[in-house]
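Me: I'd like to walk through this fold before I go back to the bench. Can we take it piece by piece?

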Amino acid sequence: MAHHPPDHCPIARAAALIGDSWTLLIVRDLTHGSRRFSELEESLAGISPKTLSQRLKMLEAANLISRQAFAEVPPRVEYALTEKGEALLPIIEAIKTFGERYLPADE
């Protein structure tokens, strides 16, 4: 098997973007529609606000999510999957299926 620099391997590029659990869980939570920062923070028990903010910025920069700010008082910001982000949904579903089949929750 040939070894390639990470930027030449599509698996390495994808893993660099979505290879941590917080990123996958953010995408999972956005599959049901747009969410506010506080809703994501509540759903992702254990994530720090700093980490959530960093992941959202990274996903937005990669055009996987969109950020919409509303001119309201108090300010409201919502995040949603883009078309590119929605392309991750079959991967998320495959991971879910794997987890259900091979990694059952303790009863």
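**Helix packing first**

Reply: Sure, and keep in mind that this is a predicted model. Helix 2 and helix 4 (residues 49–61) pack with their axes 10 Å apart, at an angle of about 70 degrees.

Me: What does that angle make helix 2 relative to helix 4, roughly parallel or roughly perpendicular?

Reply: Angles of 65 to 115 degrees count as roughly perpendicular. The angle for this pair is about 70 degrees. So helix 2 is, relative to helix 4, roughly perpendicular.

Me: Which residues of helix 2 make the contact with helix 4?

Reply: Helix 4 brings Thr 51, Leu 52, Arg 55, Leu 56, Met 58 and Leu 59. By class, this contact has six nonpolar, two polar and one charged residues. From the helix 2 side come Trp 22, Thr 23 and Ile 26.

Me: Helix 2 also packs with helix 6; at what angle?

Reply: The two partners are helix 2 (residues 21–30) and helix 6 (residues 89–102). Their axes are 10 Å apart. That pairing is also described as roughly perpendicular, and the angle is about 110 degrees.

Me: How many charged residues are in the contact of helix 2 with helix 6?

Reply: Helix 2 puts in Leu 24, Val 27 and Arg 28, and helix 6 answers with Leu 89, Ile 92 and Ile 95. Arg counts as charged, while Leu, Val and Ile count as nonpolar. That gives five nonpolar, no polar, and, for charged, one.

Me: Let's move to the sheet. Which strands stand at the edges?

Reply: It's an open sheet of three strands with antiparallel pairing, in the order 1-3-2. The edge strands each have a single partner strand, so one side of each is left without a neighbour in the sheet. Those are strand 1 (35–36) and strand 2 (65–70).

Me: How many bridges join strand 2 to strand 3?

Reply: Strand 2 and strand 3 form a hairpin with five residues between them. Within that pairing, Ser 66 stands opposite Ala 80. Strand 3 covers residues 76–81 and runs antiparallel to strand 2, and the number of bridges is six.

Me: Which residue of strand 3 is the bridge partner of Arg 36?

Reply: Strand 1 and strand 3 run antiparallel and are joined by two bridges. The residue asked for is also the bridge partner of Gln 68. For Arg 36, the partner in strand 3 is Glu 78.

Me: How many residues of strand 3 are buried?

Reply: Buried means under 20% relative accessible area. In the whole protein, 24% of the 107 residues count as buried. Strand 3 is mostly covered, and of its six residues the buried ones number five.

Me: Now the loops. Which peptide bond is cis?

Reply: Look at the loop between strand 2 and strand 3, where Pro 74 is found. The bond leading into that proline has omega near -5 degrees. The cis bond runs from Val 73 to Pro 74.

Me: Asn 63 has a positive phi; of about how many degrees?

Reply: Asn 63 lies in the loop between helix 4 and strand 2. With a relative accessible area of 44%, Asn 63 is partly exposed. Although Asn 63 is not a glycine, its phi is positive, at about 60 degrees.

Me: What does Gly 33 count as, buried or partly exposed?

Reply: Gly 33 sits in the loop between helix 2 and strand 1. The cut-off for buried is under 20% and for exposed over 50%. At 27% relative accessibility, Gly 33 counts as partly exposed.

Me: How far apart in space are Gly 33 and Ala 94, C-alpha to C-alpha?

Reply: Along the sequence, these two are 61 residues apart. In space, the separation is 20 Å.

Me: Last one, on the overall layout: what pattern does the protein follow along the sequence?

Reply: There are six helices and three strands. The C-alpha atoms fill a box of roughly 55 × 40 × 25 Å along the principal axes. Read along the sequence, the pattern is α-α-β-α-α-β-β-α-α.

Technical notes. Residues numbered from 1 in each chain as written. Predicted model: local features only at pLDDT ≥ 70, side-chain atom pairs only at ≥ 80, totals over all residues. Heavy atoms only, no water. Axes fitted to C-alpha atoms, helices over the stretch in contact; angles between N-to-C directions. Helix = DSSP H or I, 4+ residues; strand = E, 2+ residues; numbered from the N terminus. Parallel < 35°, antiparallel > 145°, perpendicular 65-115°, else oblique. Contact = heavy atoms within 4.5 Å. Pairing = 2+ DSSP bridges. Buried < 20%, exposed > 50% of the residue type's maximum accessible area, 1.4 Å probe, protein only.
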